[in-house]
Amino acid sequence: MPASPSTARAINDRVALRLLQQEGPLTAGQLKQLTGLSRPTVADLVERLTAAGLIEVVGESGEQRRGPNARLYGIVADRAHLAALDVRTEGVSVVVSDLLGRELARASVPIADDTGTGPAVEQAVTLVERAAKEAGAERLHTVGVGAPGLIDPATGELRDSSGLPEWHRRLVAALQERLPARVIVENETNLAALAEQRDGAARDRDTFVLLWLGHGTGAAVVLDGRLRRGASGGTGEIGFLPVPGTSTLPSATDCEGGFHSLAGSAAIAELAAGHGLVATAVSPGEPEAAALVRQAVATLSSPSAFPSPSPSASSGADRFLSALADRLAIGAASVVAVLDPGCVVLGGEVGQVGGEVLAARVGERLARMSPLPVEVRASALGGGAVLRGALLTARESAQDDLFAPRSR
């Protein structure tokens with residue numbers, strides 16, 4: 001059935017808003033060309049969107065023409081303010097942006113292991129409130145939260161997971177109580193995959209797996225352009241994957257003995273120590289493993305820049321990276337055999353600093369272990385992918401709400 005006039009107007013408005021979001025400011029003539037709509041139809045939608053406070057004149061085109069230059073229309077960026085949170089066991093980071101995703105404020109706070117649940121929640125919520133104030137946001141429209149653990153696919157809530165601080169679950173409820181905003185919670189690795197697909201290493205892939213390598217391990221699965229969460233939200237809990245090379249098996253409450261025991265930060269640090277490597281983190285909160293992998297890659301690239309009391313520093317770094325690639329390939333091969341993703345992104349802080357050196361070694365091992373073709377890439381965003389993914393999710397949600405057709 002043909003769309004009613006009101007439905008057609010709503011569809012045209014949404015198409016125009018999406019174009020303005022993707023392309024930036026456009027003239028009415030450019031909107032006409034990109035949408036294929038008639039000039040009167042474009043004039044009507046510009047008038048409607050302006051009256052609704054969604055777009056405004058942001059300048060003039062620089063075209064040489066007789067008479068006045070054409071007006072440039074853009075989305076009203078401060079129509080809504082958004083926040084993104086990266087919740088880790090050791091602290092919280094937050095970014096506040098406008099509706100177009102432009103960063104307005106950024107802050108973080110460490111939270112010690114011995115901090116009580118109430119004080120930890122208060123520190124985190126206060127951080128968000130301060131960042132919003134610094135950004136000039138009277139209220140936040142949507143807050144995207146990235147956290148470790150399982151997200152219940154039915155309720156969207158962070159499930160009670162052993163080994164994670166209680167304040168993680170309490171934080172979500174506190175944000176909903178204290179902020180007049182929509183709060184969306186997603187697994188941190190899933191958000192990292194969304195960010196890598198939009199802005200990072202997987203921009204040209206609609207099917208891939210992100211292998212998260214940071215303080216802990218995880219995986220995110222994107223198939224045919226869609227993030228897959230599984231029946232209980234547990235897709236990608238690769239830390240629990242039983243693998244050879246460990247002294248025990250994982251249990252339902254502890255991933256010790258699983259892939260985490262080979263590729264978690266503590267395991268990588270122990271592996272590096274066995275090859276005589278030491279390193280210092282370059283930023284607060286950086287996983288020790290990332291510092292060690294960065295040091296090893298840099299030593300191979302320029303041995304003379306890193307003097308060592310041992311003349312075999314380069315060979316030690318080489319052996320360490322090879323041993324690490326052996327471990328990562330074990331976990332990646334299991335995923336490849338089941339999903340055939342064609343692409344594995346080594347994500348997180350470790351994947352980013354390992355770069356092409358580590359990715360190439362893992363790729364070589366996968367080529368020997370699996371008959372399925374797979375490309376291994378290094379993360380372009382590293383640990384920052386979680387915040388980026390949370391912000392993208394918040395922006396999509398806010399735009400879906402604000403750009404939705406209103407009843408007339």
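# Salt bridges, a helix face and two sets of strands

The side chains of Glu349 and Arg88 come together in a salt bridge, 3.4 Å from N to O. Glu349 belongs to helix 11 (residues 348–369) and Arg88 to strand 4, so this pair ties together parts that sit 261 residues apart in sequence. Both ends are tucked away: Glu349 is buried, and so is Arg88. Keep in mind that this is a predicted model. Below is a quick tour of the other salt bridges, then helix 4, the five-stranded sheet and strand 12.

**Salt bridges**

- The count of salt bridges comes to 22.
- Arg48 pairs up with Asp13, with 2.7 Å between the closest N and O atoms. That pair links distant parts of the chain, since Arg48 is in helix 3 (residues 39–51) and Asp13 is in helix 1 (residues 5–23), 35 residues apart.
- Arg48 and Asp13 are both buried.
- Arg178 makes a salt bridge with Glu129, and here the closest N and O atoms are 3.1 Å apart. This one connects helix 5, home of Arg178, to helix 4, home of Glu129, across 49 residues of sequence.
- Neither end of that bridge counts as buried: Arg178 is partly exposed at 36% relative accessibility, and Glu129 is partly exposed too, with a relative accessible area of 31%.
- There's also a network: Arg14, Arg18, Arg198, Glu396 and Asp400 are joined into one by salt bridges that share partners.

**Helix 4, inside and out**

- Helix 4 (residues 117–134) has 18 residues, which at 1.5 Å a residue should span 26 Å; the C-alpha atoms at its ends are 26 Å apart, so expectation and model agree.
- Its buried residues are Ala120, Val121, Ala124, Val125, Leu127, Val128, Ala131 and Ala132. Look down the axis of helix 4 and these buried residues fall within an arc of 145°, so they line one face of the helix.
- If you want the general background for that pattern, an α-helix has 3.6 residues a turn, so residues three or four places apart point the same way.
- What sits over the buried residues of helix 4? The cover includes strand 4 (81–88), strand 5 (91–98), strand 6 (103–110) and helix 5 (166–178).
- Flip to the other side of helix 4 and you find Arg130, Lys133 and Glu134 exposed.
- After helix 4 comes Gly136, which has a positive phi, near 80°.

**The five-stranded sheet**

- Five strands make up an open sheet with the order 6-5-4-7-8 and mixed pairing. Strand 6 and strand 8 (182–187) are the edge strands, each pairing on one side only.
- On average, neighbouring strands of this sheet are turned by 15° against each other, ignoring direction.
- Strand 4 pairs with strand 7 (residues 142–147) in the parallel sense, over five bridges. Across that pairing, Ala84 stands opposite Gly144 in strand 7.
- Strand 4 turns up in several places here: it is part of what covers the buried residues of helix 4, and it holds Arg88, the partner of Glu349 from helix 11.

**Strand 12 and its partners**

- Is strand 12 (residues 343–347) enclosed or open? Five of its five residues are buried, so the rest of the structure largely encloses it.
- Both faces of strand 12 are covered, with Cys343, Val345 and Gly347 buried on one side and Val344 and Leu346 buried on the other.
- Strand 9 (residues 208–213) runs parallel to strand 12, and four bridges join them. In that pairing, Leu210 stands opposite Val345 in strand 12.
- Strand 12 also pairs with strand 13 (residues 375–378), again in the parallel sense and over four bridges. Here the bridge partner of Cys343 is Glu375 in strand 13.

**One residue on the outside**

- Glu177 is found in helix 5. Glu177 counts as exposed because its relative accessible area is 68%, the cut-off for exposed being over 50%.
- How far apart are Glu177 and Met369 in space? Their C-alpha atoms are 51 Å apart, with their positions 192 residues apart in sequence.

Technical notes:
Residues are numbered from 1 along each chain as its sequence is written. This is a predicted model: local features need pLDDT of at least 70, side-chain atom pairs count only at pLDDT 80 or more; totals for chains, interfaces and linings use all residues. Side-chain values use heavy atoms; hydrogens and water are left out. The expected span of a helix is 1.5 Å times one less than its number of residues. Buried means under 20% relative accessible area, exposed over 50%, partly exposed in between (1.4 Å probe, protein chains only). The arc is that of the directions from the helix axis to the C-beta atoms. Contact means heavy atoms within 4.5 Å. Two strands pair if DSSP finds at least two bridges between them. Axes are lines fitted to C-alpha atoms, for helices over the stretch in contact, and angles run from 0 to 180 degrees between N-to-C directions. A salt bridge is a side-chain nitrogen of Lys or Arg within 4 Å of a carboxyl oxygen of Asp or Glu.
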